[in-house]
Amino acid sequence: MALTVSQLASGYGRLQVLFGISLEVPERSIVSLIGPNGAGKTTTLLSIMGVVKPWGGSVVFNGRDITKAPPYEKVEMGLALVPEGRRLFIEMTVEENLLMGAYTRRAREKMYDTLEFVYTLFPRLKERRRQKAGTMSGGEQQMLALARALMSRPKVLLIDEPSAGLAPKVVNDLFQTIRQLREDMAILLVEQNVAASLEISDYVYVLENGRIVLQGDPREVVENEHIKKAYLGV
Ligand code: ATP
């Protein structure tokens, strides 16, 4: 298993948000975490990364307990996060943003090889490599955020709401790229776009009020009456 989260509890100050989340992400798979606004999806990713400190439970990466490791160490080990809202350096060029993603020792050594790989995956970013990140379209910025995370050469990639604010055609292209990445890494995907994420996922967890309320094969999850009503509008 690439990533195993067990009984993860977490929150902010005195506000508890996660009440014992357990989930697994196998190698070469896409696992989706869906749920309504405020359910704790982002908090789950931040707690796995260590940006928010877990209150309890464990995070095991490739057999190693990394619950208490600081975020930069986790990136060095091979965990990466594509944050909600992209968090790009908007005044910097596309290429500068990408090179910033290769700041760990392991990634720096292979920085220019990885850059070539990333440009093959996203030819558009290569064309635009001298352009300021802030002047790119929403879809291009999301691709850049994803590409920047890839620069750290992750084995497990956490992606937070990549489709937010993007047109359906752009979402489709982006998801095709995410599907391609599965050949090389394990992906935990947080999405509001439930229909689209179910299509590319190997396994799905449904998070409500800080608890996993349902999990399974996407083909089973779409047939669930609660999911149909609450998430798919049928
Ligand atoms: P969304 O889709 O709206 O981003 P989410 O499922 O990702 O929802 P979280 O962002 O994890 O949910 O938020 C879960 C709860 O934690 C919410 O009640 C939110 O108000 C609260 N919360 C999130 N970030 C903070 C913070 N920095 N300080 C205090 N409370 C926070």
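This is a short tour of the ligand site, one loop residue and the largest pocket.

Before you click, know that the model is predicted, so local features need pLDDT of at least 70 and side-chain atom pairs count only at pLDDT 80 or more, while totals for chains, interfaces and linings use all residues. Residues are numbered from 1 along each chain as its sequence is written, and side-chain values use heavy atoms, with hydrogens and water left out.

**Stop 1: the ligand**

Select the ligand and show what surrounds it. You should get 14 residues, the closest being G38, K41, T42, T43 and Q192; a residue counts as near if one of its heavy atoms lies within 4 Å. Now look at the ligand's oxygen atoms. A polar backbone atom of K41 sits 2.8 Å from one ligand oxygen. Click Q192 next: a polar atom of its side chain is 2.8 Å from a ligand oxygen. For E84, the distance from a polar side-chain atom to a ligand oxygen is 3.4 Å. On its own the ligand has 630 Å² of accessible area, and the protein covers 60% of that (Shrake-Rupley method, 1.4 Å probe).

Colour by secondary structure now. Two or more shell residues come from each of β2 (15–25) and α1 (41–49), and α1 gives the largest share, three residues. Here, helices (H or I, at least four residues) and strands (E, at least two) are DSSP runs numbered from the N terminus. Colour by class, and the shell shows five nonpolar, six polar and three charged residues. In this scheme Ala, Val, Leu, Ile, Met, Phe, Trp, Tyr, Cys and Pro are nonpolar, Asp, Glu, Lys and Arg are charged, and the others, Gly among them, are polar.

**Stop 2: T135**

Jump to the loop between α6 (123–127) and α7 (138–150), where you'll find T135. Is T135 buried or exposed? It's exposed, because its relative accessible area is 52% and exposed means over 50% (buried is under 20%, partly exposed in between; 1.4 Å probe, protein chains only). Add Q131: its side chain and that of T135 are joined by a polar contact of 3.0 Å. Then add E91, 44 residues from T135 in sequence but 8.8 Å away in space, C-alpha to C-alpha.

**Stop 3: the largest pocket**

Finally, select V75, L81, P83, Y103 and R148, which lie nearest the centre of the largest pocket among its 21 lining residues. α1, α2 (71–77), β6 (79–82) and α7 each give two or more residues to this lining. By class, the lining has 14 nonpolar, three polar and four charged residues.

How values were computed
A polar contact is a pair of N or O atoms within 3.5 Å; within protein, one must be able to donate a hydrogen and the other to accept it, and residues adjacent in sequence count only if both atoms are side-chain atoms. On a 1 Å grid over the protein atoms alone, a cavity is a set of points where a 1.4 Å probe fits but cannot get out, and a pocket is an open set with protein on both sides within 12 Å along at least five of seven lines; lining residues have an atom within 4 Å of a point.
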